[in-house]
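Reader: Could you take me through one part of this model in some detail? I would enjoy a close look at a single sheet and the strands that build it.

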Amino acid sequence: MMFKFILVLISLIVVTLPEVTDAQFTETRPYKTEAGPYSLNIQSDPSRLSLGTVDYTVIVTHIEDLSPVSDARVLIWGNHTTNGHRGWANALNNPVTPAKYTARVQLDGPGVWEMSVEVWSPLGRVAVQIPSQIIPKPRLSQAGSFVFLGVFAVLIGFTGYLTWKINRTMKARDQLNES
């Protein structure tokens, strides 16, 4: 009965507190702007599992007729505000959705990262500042280490018990065989 209660309690905690397992703020943030000859629809989607990983989707269309711009080169730039680290990622499209460019950006340190998108094609070249990304400091949790050590201790103890039990049974068998 107690086991069922504990199982229900753990299930309730897992269902009601999913943000405990999130590595970072994970809400998808859309951003729409017009720059030069382009209409840009930019969406950032931080990973729920990996700290500092952000997926970007950039939809590039011509501003006048909203036709897809399939021959553009799209770069996502990140600049750390504190230490000045700078990085970039190519956003690539595919033939099925020629106006949709996707990139996975790995931001290596905690803090505020100023982000920008650079687009160039035969229509022209533009650079646009987009909302910054805030990467939290990693949580230093010892609970996982304690669980690992506990499981390891149980396995070692069980192995020791089995070895002792087998040796005792073998000695008893030898004594029966001798008499």
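Author: Happily; here is a walk through one sheet, strand by strand, and then a stop at a loop beside one of its strands in sequence. Please keep in mind that the model is predicted.

The sheet is open and has four strands, ordered S5-S4-S7-S8 and paired in the antiparallel sense. Its edges are strand S5, residues 86-91, and strand S8, residues 124-135, each of which pairs on one side only. From one strand to the next, the twist averages 20 degrees.

Let us start with S4, which covers residues 73-80. Six of the eight residues in S4 are buried, and the strand is mostly covered. Towards S5, the antiparallel pairing of S4 runs over six bridges, and Ile76 has Ala89 in S5 as its bridge partner. S4 and S5 form a hairpin, with five residues between the two strands. In that turn, Gly84 has a positive phi of about 80 degrees.

Towards S7, the pairing of S4 is again antiparallel, over eight bridges. Here Leu75 meets Glu118 of S7 as its bridge partner. Glu118 also has a bridge partner in S8, namely Ala127. S7, residues 111-121, pairs with S8 in the antiparallel sense over 10 bridges.

Finally, have a look at Leu66, which sits in the loop between strand S3 (53-62) and S4. Leu66 is not a glycine, yet its phi is positive, at about 55 degrees. With a relative accessible area of 56%, Leu66 counts as exposed, because the cut-off for that word is over 50%.

Key
Residues are numbered from 1 along each chain as its sequence is written. This is a predicted model: local features need pLDDT of at least 70, side-chain atom pairs count only at pLDDT 80 or more; totals for chains, interfaces and linings use all residues. Side-chain values use heavy atoms; hydrogens and water are left out. Two strands pair if DSSP finds at least two bridges between them. Axes are lines fitted to C-alpha atoms, for helices over the stretch in contact, and angles run from 0 to 180 degrees between N-to-C directions. Buried means under 20% relative accessible area, exposed over 50%, partly exposed in between (1.4 Å probe, protein chains only).
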